[in-house]
Amino acid sequence: MLPKPAKAKARPKPTSKGAGQALSRIKVHKTLTVKPAAKAKPVTATARAQMSIPRGATFRSLTHDSPFGSLDYKLYLPASATSAERPLPLLVMLHGCGQTPDDFATGTRMNALAEELGVIVVYPAQNRQAQKNRCWNWYRRGDQSRVAGEPALLADLTRMVLSTTPVDPARVYVAGLSAGASMALILAAAYPDIFAAVGAHSGLAVGSAHDASTAMIAMKHGAPGSRSPAPIPTINFHGENDKVVHVRNGRYVAARAADAYPDLVGIERKGRTPDGHTFVRQSLRKGKGKSFTEFWSIQGAGHAWSGGSPAGRFTDPAGPDASREMLRFMLQHRTTMKQRKDAAFATAT
């Protein structure tokens, strides 16, 4: 996720009490069976060559210039974008270290789902000048808050896409893998006036590190991060055998999300994909309604996108389909104009 710094001297103790107390309300329910993602064809060329674009859809390479810097990105417009009677949802997808937008799109199969469900997807590309391994700089103080650094650049890109494509401002989401997941959580927390929900896969909680050394400690041992200033619907996946980002971090992400919803009911369900991994899904919801947080811990899985295509890097086809589950969760949540105005005012003061 980032260059290896000097060896840390000691493992830090958690600095926050009560993180995740809401998860103690979880009740166990019946076992689920989840179908695995469809098998991909064998890889015979590059990830980019593997992707097919349906007639009427586009997947373009573009560049965004802003006061916060310049950013290349890929934009997927489903065929329905030109004829839809209503604005479409927008999903910002942040790749992990060593990945590109093309590789990430292939591995997650997100474009195929976007076509099926009518979603516009933007894939920002981290460049080597900003981070030599193409990691998002989630662990630097200057890239962890609003109106500065990478969060400001990504938010500006999102606003530009909102203004130039048929996007519904009430249904804007962000998701990512590893360093991208950590940045997605930062972005959602910093800009609640833009994002209605966030999806994280193998990431770390907001505020879990402030430089490369503390980032390596957090990745290895886990770090609780900081309390979220506002509730944000969060779906979170993590492999129990992750050797890059310890699964304890996934539990902390879930705990921070749960802390913002103290009055919700917890439900735990266990399941297994046919011939694949077993998993536990913990969620918080209002009665039998939609869930506001979900944490999927996947037994036997490592540092890879669950249910992804083997045509992309850092994927695990044997797991539950994280892409479909993320979109299922996110599309249940939307913001109102009043919420967006109030959030913009609150974060600006």
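**Reading the labels: charges, burial and turns**

Tutor: Let's start with a pair: Asp259 and Arg256 are both buried. Keep in mind that this is a predicted model.

Student: What makes the contact between Asp259 and Arg256 a salt bridge?

Tutor: The N to O distance between their side chains is 3.7 Å. The cut-off is a Lys or Arg nitrogen within 4 Å of an Asp or Glu carboxyl oxygen, so the label applies.

Student: Why are Asp259 and Arg256 said to be separated by about one helical turn?

Tutor: They are 3 residues apart in helix 7, which spans residues 247-259. An α-helix has 3.6 residues a turn, so residues three or four places apart point the same way.

Student: How many salt bridges does the structure hold?

Tutor: There are 10. One of them joins Lys338 and Asp342, at 2.7 Å from N to O. These two residues lie in helix 9 (residues 337-348), 4 residues apart, again about one turn.

Student: How do you know whether Lys338 is buried or exposed?

Tutor: Its relative accessible area is 58%. Exposed means over 50%, so Lys338 is exposed.

Student: And what makes Asp342 partly exposed?

Tutor: Asp342 has 40% relative accessibility. That value falls between the 20% and 50% limits, so the label is partly exposed.

Student: Why are Arg171 and Asp168 called buried?

Tutor: Arg171 has a relative accessibility of 13%, and Asp168 has 13% as well. Buried means under 20%, so both qualify. Their side chains also meet in a salt bridge, at 2.9 Å from N to O.

Student: Which residues are linked in a network of salt bridges?

Tutor: Glu294, Glu325 and Arg328 are.

Student: Which residues gather in the patch of positive charge on the surface?

Tutor: Arg86, Lys286, Lys290 and Arg334. Arg86 sits in the loop between strand 4 (69-77) and strand 5 (88-94).

Student: What makes Arg86 accessible enough to join a patch?

Tutor: Patch members need over 30% relative accessible area, and Arg86 has 64%, so this condition is met. The same 64% makes Arg86 exposed, because exposed means over 50%.

Student: Why is helix 2 called largely enclosed by the rest of the structure?

Tutor: Of its 8 residues (101-108), 8 are buried, so the description follows. Among them are Pro101, Asp102, Phe104 and Gly107. Helix 2 is followed by Arg109, whose phi is positive, near 60°.

Student: What is unusual enough to note about the phi of Val147 and of Ser178?

Tutor: Val147 has a positive phi of about 60° although it is not a glycine, and the same description fits Ser178. Val147 lies in the loop between strand 6 and helix 4, while Ser178 is in the loop between strand 7 and helix 5.

Student: How do you know whether each is buried or exposed?

Tutor: Val147 is at 58%, over the 50% limit, so it is exposed. Ser178 is at 3%, under the 20% limit, so it is buried.

Student: Which residues touch the most other members of the largest nonpolar core?

Tutor: Among its 49 residues, they are Leu94, Val122, Trp138, Val174, Tyr191 and Phe195. Helix 5 (179-190) is one of the elements supplying at least two residues of this core, and helix 5 gives the most, with 9 residues.

Notes: Residues are numbered from 1 along each chain as its sequence is written. This is a predicted model: local features need pLDDT of at least 70, side-chain atom pairs count only at pLDDT 80 or more; totals for chains, interfaces and linings use all residues. Side-chain values use heavy atoms; hydrogens and water are left out. Patches are made of residues with over 30% relative accessible area and no salt bridge: like charges are joined within 9 Å, nonpolar side chains (Val, Leu, Ile, Met, Phe, Trp, Tyr) within 5 Å. Accessible areas come from the Shrake-Rupley method with a 1.4 Å probe; for residues, only the protein chains shown count as cover. Lys and Arg count as positive and Asp and Glu as negative; His and the chain ends are not counted. The place of a charge is taken as NZ of Lys, CZ of Arg, CG of Asp or CD of Glu. Buried means under 20% relative accessible area, exposed over 50%, partly exposed in between (1.4 Å probe, protein chains only). A nonpolar core is a set of buried Ala, Val, Leu, Ile, Met, Phe, Trp, Tyr and Cys residues joined through side-chain atoms within 4.5 Å.
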